[in-house]
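Visitor: Please take a close look at one part of this model with me. I would like to know how it is put together, and how it fits into the chain as a whole.

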Amino acid sequence: MRNSRIAIANTPEEIRRCHLVTRELRPLFHEPEQFVERIQRQQKEGYQLAFLEFGGEVCAVAGYRFLESLFSGKFLYVDDLVARESDRSRGFGGQLLDWLIEQARAHGCENLELDSGVQRFDAHRFYFANRMSISSYHFRIKIERKD
């Protein structure tokens, strides 16, 4: 979409501007400062937060990192990808995904990968429409703390 721009959130204020959009996907983060602290901690481990801005407002957000594994080789892993609900179907999510694919290409990645909750049917339709396929299951075991 014309007049939109994609940038990396590096400053606390840029990160804070991404809070409300990200919260639509990650509602755990009620307070902006809690969100900023978590992002800054993850940035020390290679996490990057990109945002698409249109009309002076953040409309879509993507959290990602570059990883390498025996299974996938070098890849860009998308932790978080969300467009503001009021802006869905306006092309912002697709524009941000295309930007992520270009980032993966520019960094010599073999793949772009993400996990999506099994209940997120609208997201799955979006991923399928953007040439993505299901390549594996993601399993989890909750580790209980022994205090």
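Guide: Buried residues make up 39% of the 147 residues in the chain, where buried means under 20% relative accessible area, exposed means over 50%, and partly exposed covers what lies in between, with a 1.4 Å probe and protein chains only. This is a predicted model, in which local features need pLDDT of at least 70 and side-chain atom pairs count only at pLDDT 80 or more, while totals for chains, interfaces and linings use all residues. Residues are numbered from 1 along each chain as its sequence is written, and side-chain values use heavy atoms, with hydrogens and water left out.

Among contacts (heavy atoms within 4.5 Å) between residues at least 6 apart in sequence, 57% join residues at least 24 apart. Along the principal axes, the C-alpha atoms occupy a box of roughly 45 × 40 × 30 Å. The chain has five helices and five strands, which are DSSP runs numbered from the N terminus (H or I and at least four residues for helices, E and at least two for strands). In sequence order they give the pattern β-α-α-α-β-β-β-α-β-α. The radius of gyration is 16 Å, close to the 15 Å that the globule rule gives for 147 residues, so the chain is as compact as a globular protein of that length; this radius is taken over C-alpha atoms, and the rule is 2.2 Å times the number of residues to the power 0.38.

The part to look at closely is the sheet. Its five strands form an open sheet in the order β1-β2-β3-β4-β5, with mixed pairing. At the edges are β1 (4-8) and β5 (111-114), each of which pairs on one side only; two strands count as paired if DSSP finds at least two bridges between them. Strands of a sheet pair through backbone hydrogen bonds, either parallel or antiparallel.

Strand β2 (residues 48-54) and β3 run antiparallel and are joined by seven bridges, with Leu49 opposite Gly63 in β3 as one point of register. These two strands form a hairpin with two residues between them, and Gly55 in the turn has a positive phi of about 60 degrees. On the next step through the sheet, β3 is joined to β4 by 10 bridges, again antiparallel. Here the register can be followed at Leu67, which faces Phe75 in β4, and at Ser69, which stands opposite Gly73 in β4. The strands β3 and β4 likewise make a hairpin, in this case with three residues between them.

Side chains also connect this second hairpin. Asp79 and Arg65 form a salt bridge (a side-chain nitrogen of Lys or Arg within 4 Å of a carboxyl oxygen of Asp or Glu), with their closest N and O atoms 3.1 Å apart. Because Asp79 lies in strand β4 (residues 73-83) and Arg65 in strand β3 (residues 57-69), the pair ties together parts that are 14 residues apart in sequence. Asp79 is partly exposed at 23% relative accessible area, whereas Arg65, at 14%, counts as buried. Shared partners also link salt bridges into one network that takes in Glu57, Arg84, Asp87 and Arg90.

The structure holds 13 salt bridges, and a pair of them centred on Arg16 offers a comparison from the helices. Arg16 bridges to Glu13, the closest N and O atoms being 2.9 Å apart; these residues are three apart in helix α1 (residues 12-17) and are therefore separated by about one helical turn. Glu13 is partly exposed at 45%, and Arg16 is partly exposed at 28%. Glu33 forms a salt bridge with Arg16 as well, with closest N and O atoms 2.8 Å apart. That pair links distant parts of the chain, since Glu33 sits in helix α3 (residues 32-43) and Arg16 in helix α1, 17 residues apart. Glu33 has a relative accessible area of 40% and counts as partly exposed.
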